[in-house]
Amino acid sequence: MKRTGILIVVSGFSGAGKGTLMKRLLERYDNYALSISMTTRLPRPGEEHGKHYFFVDRDEFEKHIEDDGFIEYADYCGNYYGTPRAYVEKCLEEGRDVILEIEIQGAIKIKNKFPDAVLVFVTPPDAGELKRRLMGRGTETEDVIRKRLSRAVEEAQGIENYDYIVVNDELEKCVEDIHAIVIASHCKVQKSIVRIEKISEELSGISKGEKE
Ligand code: ADP
Ligand code: 5GP
């Protein structure tokens, strides 16, 4: 029977460890496809076009919006971020589980368009650790860190939109928690209803045959 892929949305405060977790999850398991977003923010040192993001200017991003090239997009701290449509649709069609590492406005749009999507929110163990991780990463100025921390406060208020929260304290355990959520999501009744209908139809045929 053909396996259907699941859309997994992973959100969380900037610096919570989403990128690190996704890298580890993909190293460990091969059923995942990670969507690469398009953004107008500038690359950080070490980030590559086509690997971490597709880095474009605002004109190019807006052209993609006009062409209906995104399944969702949002503005985050003054930059556009969007999920290109083609890759996600292709991977789902192939039965792969597709991870979207996106912020909350995008997550809500995905839940509305794809009700079977699973929304996971990653949180650090506490606020002090979040600040330490953001500062420790050393990729943003103090001003940008301040903006991102205040954005984190807003995002916390939208937590009820998510299906699961995972605490990224010990990295490996958190990776396993996310993988377990995906396994459980594949076993949801709604995902298997067609299979059960087929089995019960066959059973009904068998039981009639036995009677005759
Ligand atoms: P995000 O993608 O959520 O913005 P990153 O993955 O860039 O966050 O992680 C932010 C910083 O926190 C990085 O320096 C990363 O190495 C560190 N980090 C991530 N997960 C953990 C963890 N479980 N324990 C300690 N440090 C972590
Ligand atoms: P960063 O600049 O730290 O890479 O990402 C900033 C925020 O944008 C993060 O919360 C990240 O999850 C989110 N983000 C990345 N790609 C997308 C996307 O395609 N769509 C939306 N809505 N958010 C995204």
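In the predicted model, the charged end of Arg58 sits over the ring of Tyr80, at 4.4 Å from the ring centre. Tyr80 itself is buried, with a relative accessible area of 13%. A second contact of this kind involves Tyr73, whose face is covered by Lys109 at 5.0 Å from the centre of the ring. Tyr73 is partly exposed, its relative accessible area being 32%; the value falls between the 20% limit for buried residues and the 50% limit for exposed ones.

The two tyrosines that carry these charges are also partners of each other. Across the whole structure, 10 aromatic pairs are found. In the pair formed by Tyr73 and Tyr80, the ring centres are 6.2 Å apart and the planes meet at 75°, so the arrangement is edge-to-face. The assignment follows because centres within 6.5 Å define a pair and planes over 60 degrees apart count as edge-to-face. A further group of rings, made up of Tyr53, Phe55, Tyr76 and Tyr81, forms one aromatic cluster.

The strand context was examined next. Strand β5 covers residues 70-76 and strand β6 covers residues 79-84. These two strands pair in the antiparallel sense over 6 bridges, and Tyr76 stands opposite Asn79 in β6. Together β5 and β6 make a hairpin with 2 residues between them. Cys77 lies in the loop between the two strands and has a positive phi of about 50°, although Cys77 is not a glycine. With a relative accessibility of 30%, Cys77 counts as partly exposed.

The hairpin belongs to an open sheet of 4 strands, ordered β4-β3-β6-β5 and with mixed pairing. Its edges are β4 (54-55) and β5, each of which pairs on one side only. Despite the edge position of β5, the strand is mostly covered, with 5 of its 7 residues buried. Phe70 lies in this strand and is buried, at a relative accessible area of 5%. The C-alpha atoms of Phe70 and Ala127 are separated by 33 Å, the two residues being 57 positions apart along the chain.

A second positive phi occurs at Asp68, where the angle is near 60° in a residue other than glycine. Asp68 is located in the loop that joins α2 (58-66) to β5. Its relative accessibility is 48%, and Asp68 therefore counts as partly exposed, exposed residues being those over 50%.

The search for open space gave a largest pocket with a volume of about 1,200 Å³. The lining of this pocket comprises 41 residues, and those nearest its centre are Gly19, Arg44, Glu47, Tyr53 and Glu101. Tyr53 is thus shared between the centre of the pocket and the aromatic cluster described above. By class, the lining contains 14 nonpolar, 14 polar and 13 charged residues.

Several secondary-structure elements contribute to the pocket. At least two lining residues each are supplied by α1 (18-28), β5, β6, α5 (127-137) and α6 (142-156). The greatest contribution is that of α1, which provides 6 residues. Both strands of the hairpin are therefore among the elements with at least two residues in the lining of the largest pocket.

Helix α6, one of the contributors to the lining, contains Ala152. This residue has a relative accessibility of 8% and counts as buried. Ala152 and Arg85 are 67 residues apart in sequence, and their C-alpha atoms are 27 Å apart in space.

At the level of the complete chain, the protein has 8 helices and 9 strands. The C-alpha trace spans about 80 × 40 × 30 Å along its principal axes. Of the 212 residues in the protein, 40% are buried.

Definitions and conventions:
Residues numbered from 1 in each chain as written. Chains lettered and ligands numbered in written order. Predicted model: local features only at pLDDT ≥ 70, side-chain atom pairs only at ≥ 80, totals over all residues. Heavy atoms only, no water. Phe/Tyr/Trp six-rings, centres within 6.5 Å; stacked < 30°, edge-to-face > 60°. Buried < 20%, exposed > 50% of the residue type's maximum accessible area, 1.4 Å probe, protein only. Lys NZ or Arg CZ within 6 Å of the ring centre and 35° of its normal. 1 Å grid on protein atoms, 1.4 Å probe; cavity = no way out; pocket = protein on both sides within 12 Å on 5 of 7 lines; lining within 4 Å. Points joined across faces, edges and corners; volume = space filled by probe spheres on them. Nonpolar A, V, L, I, M, F, W, Y, C, P; charged D, E, K, R; others polar. Pairing = 2+ DSSP bridges.
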